[in-house]
Amino acid sequence: MERVTHDGRATAYRRFDRGGDGPTVCFVHGSGGTKDIWKSQARLADRVPSVAVDLSGHGDSDDVATPAGPETLNAYADDVIAVAEETGATVLCGNSLGGAVALRVALERDLALDGLVLAGTGAKLAVAEPLRGALADDFERAVSLLHEPDRLFHDAPPEYVELSEAAMRECGRAVTERDFLTCHRFDVRERLDEIGVPALALVGAHDELTPPAYHEYLADGIPAGELAEVPDAAHLAMLEAPTVFNDALSAFLGRL
């Protein structure tokens, strides 16, 4: 694990690099997650150098005192930019909240990018009221809701579910709620035509949190957008079907 200090805090990241000569990818996790969600993408390190970041308040990174919404999204964008500049990453691959962060960077910041991978995410990320309510006053119920079939996972082994639940509990209620409320206030549907780099919308076929239609919208709205679907997976397709996910990611990077 490495760290970069910026804006008065330290952001942690893990580097995967076994001599690949493709563009460096910065992987950005979703709500209540950490860099560990990308462990299966380390398999690409001989072809694709990459880094996986812990956003502020997650994993090994320092936290910020920002309210849910644009302020937090901007802080997370600062984390990603600091890691990307430190490591030379020019492709952002974001899952869910991480996709919102990637879109914010592409639309609002001056980071040189070669491409975006928007995996299990959307141009608008409304969060259903039952989940918002549970996040406010019954965190265990929220964790349970997220791990119902075809939400985070389609048909993952029980140990995957147990590890995911444990990771979310470790992240904690306050940060996880902040993440989801930040997603709930995110909406760039009217700005997709401003994205000036190629983008891959990559979705698990069974994802009910950010369904395939969200990704069709991204691919249609971004001028150089394209769509790929991962069968037999839901929201965390990078974990549930890593071979198919990695093949789609590699093919996209090969076209940049």
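**Figure 1. Helix α1 and the residue that follows it.** In this predicted model, Gly88 sits just after α1 and has a positive phi of about 75 degrees. Helix α1 covers residues 70-87, and its 18 residues should span 26 Å at 1.5 Å a residue. The C-alpha atoms at the two ends of α1 are 26 Å apart, which agrees with that expectation. The buried residues of α1 are Thr72, Leu73, Ala75, Tyr76, Ala77, Asp79, Val80, Ile81, Ala82, Val83, Ala84 and Thr87. An α-helix has 3.6 residues a turn, so residues three or four places apart point the same way.

**Figure 2. Contact between helices α1 and α6.** The axes of α1 and α6 come within 9 Å and cross at roughly 105 degrees. An angle of 65 to 115 degrees counts as roughly perpendicular, and α1 and α6 are therefore roughly perpendicular to each other. On the α1 side the contact is made by Thr72, Leu73 and Tyr76, and on the α6 side by Arg178, Asp179 and Thr182. Thr72, Leu73 and Tyr76 are among the buried residues of α1.

**Figure 3. Surroundings of His58.** His58 lies in the loop between β4 and α1. The relative accessibility of His58 is 0%, so this residue counts as buried. Neighbours within four places in sequence are left aside here; the remaining contacts of His58 are His29, Gly32, Gly33, Tyr76, Cys171, Val175, Arg178 and Asp179. Of these, Tyr76 belongs to α1, and Arg178 and Asp179 belong to α6; these residues also take part in the contact between the two helices.

**Figure 4. Packing of helices α3 and α6.** Helix α3 (residues 129-137) and helix α6 (residues 173-184) have axes that come within 9 Å and cross at roughly 150 degrees. Angles over 145 degrees count as roughly antiparallel, and α3 and α6 are therefore roughly antiparallel to each other. The crossing of α3 and α6 is left-handed. Leu131, Arg132, Leu135 and Ala136 are the residues of α3 in this contact, and they meet Arg173, Thr176, Glu177, Phe180, Leu181 and His184 of α6.

**Figure 5. Val188 in the loop after α6.** Val188 is placed in the loop between α6 and β7 (199-204). With 8% relative accessibility, Val188 counts as buried, because the limit for a buried residue is under 20%. Apart from neighbours within four places in sequence, Val188 is in contact with Leu103, Leu107 and Ala123. Val188 and Gly204 are 16 residues apart along the chain, and their C-alpha atoms are separated by 22 Å.

**Figure 6. An aromatic cluster of Phe27, Trp38 and Phe245.** The structure holds two aromatic pairs. In one of them, Trp38 and Phe245 are tilted, with 6.4 Å centre to centre and 50 degrees between the planes. This pair links distant parts of the chain, 207 residues apart: Trp38 is in the loop between β3 (25-28) and β4 (50-53), whereas Phe245 is in helix α9 (residues 242-254). Both Trp38 and Phe245 are buried. Together with Phe27 they form one aromatic cluster.

**Figure 7. Ala42 in the loop between β3 and β4.** The loop between β3 and β4 also holds Ala42. Ala42 has 17% relative accessibility and so counts as buried. Contacts of Ala42, other than neighbours within four places in sequence, are Phe16 and Arg18. From Ala42 to Arg14 the C-alpha to C-alpha distance is 9.9 Å, with their positions 28 residues apart in sequence.

Definitions and conventions:
Residues numbered from 1 in each chain as written. Predicted model: local features only at pLDDT ≥ 70, side-chain atom pairs only at ≥ 80, totals over all residues. Heavy atoms only, no water. Helix = DSSP H or I, 4+ residues; strand = E, 2+ residues; numbered from the N terminus. Expected span 1.5 Å × (residues − 1). Buried < 20%, exposed > 50% of the residue type's maximum accessible area, 1.4 Å probe, protein only. Phe/Tyr/Trp six-rings, centres within 6.5 Å; stacked < 30°, edge-to-face > 60°. Axes fitted to C-alpha atoms, helices over the stretch in contact; angles between N-to-C directions. Parallel < 35°, antiparallel > 145°, perpendicular 65-115°, else oblique. Left-handed = near helix turned anticlockwise from the far one by under 90°. Contact = heavy atoms within 4.5 Å.
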